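Me: I would like to go through this protein and check the reasoning behind each label. Please show it to me before we start.

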Amino acid sequence: MRTFAIALLCAILAALIAAFGGDWATGLHRVSDFEGGRGMLIVFVLIPGAFLAAFILGVIVARRLRSRSFGYALGIAAAWTAGIAGAILALSWLGAPVTPTIDGHALELDIEVRLPAGRHAPKDAEDPFRVTVYSGSGENRHYATLHYDKVYPSEGRDVLPATGPINLRQGNRRLTVTIDDAEHYWFDLPLRAQPTAADETWIEWMPRPGERGTADVRGTGGFQVRYRIRRLPAGE
């Protein structure tokens with residue numbers, strides 16, 4: 001009974017740490033909230049896992065210290081539980097994604113999408129036209145803001161300016177152009193995980209003639225894109 005009580009109290013302590021610490025850590029790592037994914041990870045994985053691990057730890061400590069008082073054994077078991085949990089949270093903090101900056105300034109991605117000849121740029125948000133920016137895993141995605149009032153012609157084709165966030169220091173950046181959820185065109189952006197001042201200059205239109213510009217078998221649909229990094233004013 002003594003062993004069970006110590007193990008149970010340690011398990012409850014670990015479950016509480018997992019609930020609050022898990023919420024903090026998953027937010028820090030920007031785990032997707034899509035369809036409650038982050039909450040389910042905490043409730044069905046982190047809390048039960050912490051409860052079970054701490055219960056086993058409590059049993060081990062209680063049996064090793066069976067000659068000592070209940071309070072002493074509980075204190076040692078609780079200290080081990082909190083210490084291990086703290087170490088895990090510290091490692092989570094050290095491994096968390098970092099927001100890239102240049103000279104302390106947050107960054108934004110200026111994007112221009114050049115449409116195929118004969119295709120007109122959308123006029124407003126009612127048009128089913130979307131530009132999405134991805135970084136790292138597919139879960140880290142953000143819709144770009146489309147600037148319909150800044151459309152301009154280039155080589156007889158419409159160019160639609162847009163802006164998107166650069167909020168993670170991750171490579172494997174991609175951009176998609178989606179039309180009416182039926183057409184999806186991918187572009188692999190050659191933008192490094194930590195942009196530098198050199199990335200503040202517009203790149204050439206991509207893909208260039210004869211290039212694919214993407215590993216996607218559907219190609220780019222005749223669209224071209226270019227981008228540059230822009231520093232945001234201090235405080236933004």
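**Labels and the values behind them**

Reply: Start with strand β2, residues 105-114. Of its 10 residues, 7 are buried, so the strand is mostly covered. Keep in mind that this is a predicted model.

Me: How do you know what confidence the model has as a whole?

Reply: The pLDDT gives it. The protein averages 88, and 93% of the residues score at least 70. Among the elements, strand β4 (residues 141-143) has the lowest mean, 85. Strand β5 (residues 145-146) has the highest, 96.

Me: What makes β1 and β2 a pair?

Reply: A pair needs at least two bridges. Strand β1 (residues 101-102) and β2 have 2 bridges, so they count as paired, in the antiparallel sense. Isoleucine 102 stands opposite histidine 105 in β2. The two strands form a hairpin with 2 residues between them. In that turn, aspartate 103 has a positive phi of about 55 degrees.

Me: Which other strands pair with β2, and over how many bridges?

Reply: β10 is joined to β2 by 8 bridges and runs antiparallel to it. There, glutamate 108 has arginine 230 as its bridge partner. β7 pairs with β2 over 7 bridges, again antiparallel. Leucine 109 stands opposite glycine 164 in β7.

Me: Why is the sheet with β4, β3, β8 and β9 called open?

Reply: Look at its edges. The order is β4-β3-β8-β9, with antiparallel pairing. β4 and β9 each have a single partner strand, so one side of each is left without a neighbour in the sheet. On average, neighbouring strands are turned by 20 degrees against each other, direction ignored. Between β8 and β9 there are 6 bridges, in the antiparallel sense. Threonine 178 stands opposite histidine 184 in β9.

Me: Why is the contact of phenylalanine 129 with phenylalanine 223 called an aromatic pair, and why tilted?

Reply: Two cut-offs decide. Ring centres must lie within 6.5 Å, and planes under 30 degrees apart would be stacked, over 60 edge-to-face. Phenylalanine 129 and phenylalanine 223 are 6.3 Å apart centre to centre, with 55 degrees between the planes. The distance qualifies them as a pair, and the angle makes the pair tilted. Phenylalanine 129 lies in strand β3 (residues 129-134) and phenylalanine 223 in the loop between β9 and β10, so the pair ties together parts that are 94 residues apart in sequence.

Me: What makes tyrosine 185 and phenylalanine 223 a tilted pair?

Reply: The reasoning follows the two cut-offs again. Their centres are 5.5 Å apart, and the planes stand at 35 degrees. That is within 6.5 Å and between the limits for stacked and edge-to-face, so the pair is tilted. Tyrosine 185 lies in strand β9 and phenylalanine 223 in the loop between β9 and β10, so this pair bridges 38 residues of sequence. Ring pairs link Phe129, Tyr185 and Phe223 into a cluster. The structure holds 4 aromatic pairs.

Me: How do you know whether tyrosine 185 and phenylalanine 223 are buried or exposed?

Reply: Buried means under 20% relative accessible area. Tyrosine 185 has 13%, so it is buried. Phenylalanine 223 has 1%, so it is buried too. Phenylalanine 129 is also buried.

Me: Why is glutamate 155 called exposed, and what about aspartate 180?

Reply: Exposed means over 50%. Glutamate 155 has 66% relative accessibility, so it counts as exposed. Aspartate 180 has 51%, so it is exposed as well.

Me: What makes the phi of glutamate 155 and of aspartate 180 worth a note?

Reply: Most residues other than glycine have a negative phi. Glutamate 155 has a positive value, near 55 degrees. Glutamate 155 lies in the loop between β6 (152-154) and β7 (157-165). Aspartate 180 also has a positive phi, about 55 degrees, although it is not a glycine. Aspartate 180 is found in the loop between β8 (174-179) and β9.

Me: Where is there a cis peptide bond, and what is its omega?

Reply: The cis bond joins methionine 206 and proline 207, with omega about -5 degrees. Proline 207 sits in the loop between β9 (183-188) and β10 (224-231).

Notes. Residues numbered from 1 in each chain as written. Predicted model: local features only at pLDDT ≥ 70, side-chain atom pairs only at ≥ 80, totals over all residues. Heavy atoms only, no water. Helix = DSSP H or I, 4+ residues; strand = E, 2+ residues; numbered from the N terminus. Buried < 20%, exposed > 50% of the residue type's maximum accessible area, 1.4 Å probe, protein only. pLDDT = per-residue confidence, 0-100. Axes fitted to C-alpha atoms, helices over the stretch in contact; angles between N-to-C directions. Phe/Tyr/Trp six-rings, centres within 6.5 Å; stacked < 30°, edge-to-face > 60°.
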